[in-house]
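Here's a quick briefing to read with the model open in your viewer. It goes from the overall fold down to individual side chains.

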Amino acid sequence: MSIAENRRARFEYHIEEQFEAGMVLEGWEVKAVRAGQVQLTDGHVMIKNGELFLIGCRINPLRTASTHVNPLADRTKKLLMKKDEIRRLIGKVEQKGFTMVPLNLHYKGSHIKCDIALAKGKDKADKRETEKKRDWEREKGRLMRHAVPSNKA
């Protein structure tokens, strides 16, 4: 079941490969995610000391958060993956000009997982092409809904 989706990622980038990573979250973050208080649109994945971190994922704290916890909405979250997968990702990002972006957050059993993508940025022409396709699909749907049925018997 999907929790949050980064729709801008598919518009801004060509998605090459997709991976699933676990997330290190605090208790108040898990409660806020379950309440739907999460936003992924500005998120990106950074590599630091051979580890992956999710930056820009905003989890808004609930009003009922504990008094002894000082919640930070834009806290950097560590992503959990196998070491050989991380090494492969690091190699592609450093050599071939790829970037890593979060695509969505979802549940897998009782755990919260993050789908990250190895992606290359689109240029303006590609973005315009994506917009044209999206507009045409929307218009096609409108035409199909409002089409007059013919009386051929």
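Strands here are DSSP runs of E with at least two residues, numbered from the N terminus. By that count, His-106 sits in strand β8, which covers residues 99-108. Keep in mind that this is a predicted model. The chain has nine strands and four helices, and seven of the strands make up an open sheet.

**Overall layout**

- Going along the sequence, the elements come in the pattern β-α-β-α-β-β-β-β-β-α-β-β-α.
- The chain's radius of gyration is 20 Å, whereas a compact globule of 153 residues would come in near 15 Å.
- Along the principal axes, the C-alpha atoms fill a box of roughly 70 × 45 × 30 Å.
- Buried residues account for 29% of the 153 in the chain.
- Take the contacts between residues at least 6 apart in sequence: 69% of them join residues at least 24 apart.

**The sheet**

- Walk across the sheet and you meet the strands in the order β1-β8-β9-β2-β7-β5-β4, with antiparallel pairing.
- The edges belong to β1 (2-5) and β4 (44-48); each has a single partner strand, so one side of each has no neighbour in the sheet.
- From one strand to the next, the twist averages 40°.
- As a reminder, strands of a sheet pair through backbone hydrogen bonds, and the pairing can be parallel or antiparallel.

**Around β5**

- β5 spans residues 51-55 and pairs with β7 over three bridges, in the antiparallel sense.
- Across that pairing, Phe-53 faces Lys-78 in β7.
- With β4, strand β5 makes five bridges, again antiparallel.
- Ile-47 has Leu-52 in β5 as its bridge partner.
- β4 and β5 form a hairpin with two residues between them.
- If you're checking backbone torsions, look at Asn-49 in that turn, where phi is positive at about 55°.

**Salt bridges**

- Side chains of opposite charge can pair when their charged atoms come close.
- There are 10 salt bridges in the structure.
- Arg-75 and Glu-26 form one of them, at 3.9 Å from N to O.
- That pair links distant parts of the chain, 49 residues apart: Arg-75 is in the loop between β6 (58-59) and β7 (77-80), while Glu-26 is in the loop between β2 (13-23) and α2 (27-34).
- Arg-75 has a relative accessibility of 21%, so it counts as partly exposed, given that buried means under 20%.
- Glu-26 is also partly exposed, with a relative accessible area of 36%.
- Lys-77 and Glu-29 make another salt bridge, with their closest N and O atoms 3.9 Å apart.
- Because Lys-77 is in strand β7 and Glu-29 in helix α2, this bridge ties together parts 48 residues apart in sequence.
- Both Lys-77 and Glu-29 are buried.
- Which residues join up into a network of salt bridges? Glu-26, Glu-29, Arg-75 and Lys-77 do.

**A pair within one helix**

- Glu-137 and Lys-140 meet through their side chains in a salt bridge, at 3.4 Å from N to O.
- These two are three residues apart in helix α4 (residues 124-145), so about one helical turn separates them.
- Glu-137 is partly exposed, at 46% relative accessible area.
- Lys-140 is partly exposed as well, at 34% relative accessibility.

**His-106 and its surroundings**

- Is His-106 buried or exposed? It has a relative accessible area of 12%, so it counts as buried.
- The side chain of His-106 makes a polar contact of 2.7 Å with the side chain of Glu-20.
- A polar contact of 3.3 Å joins the side chains of His-106 and Asn-104.
- Leaving aside residues up to four places away in sequence, His-106 touches Met-1, Ser-2, Ile-3, Glu-20, His-111, Ile-112, Lys-113 and Asp-115.
- Glu-20 therefore turns up both in that contact list and as a polar partner of His-106.

Terms used: Residues numbered from 1 in each chain as written. Predicted model: local features only at pLDDT ≥ 70, side-chain atom pairs only at ≥ 80, totals over all residues. Heavy atoms only, no water. Salt bridge = Lys/Arg side-chain N within 4 Å of Asp/Glu carboxyl O. Buried < 20%, exposed > 50% of the residue type's maximum accessible area, 1.4 Å probe, protein only. Polar contact = N/O pair within 3.5 Å; in protein donor to acceptor, adjacent residues only side chain to side chain. Contact = heavy atoms within 4.5 Å. Pairing = 2+ DSSP bridges. Axes fitted to C-alpha atoms, helices over the stretch in contact; angles between N-to-C directions. Rg over C-alpha atoms; globule rule 2.2 N^0.38 Å.
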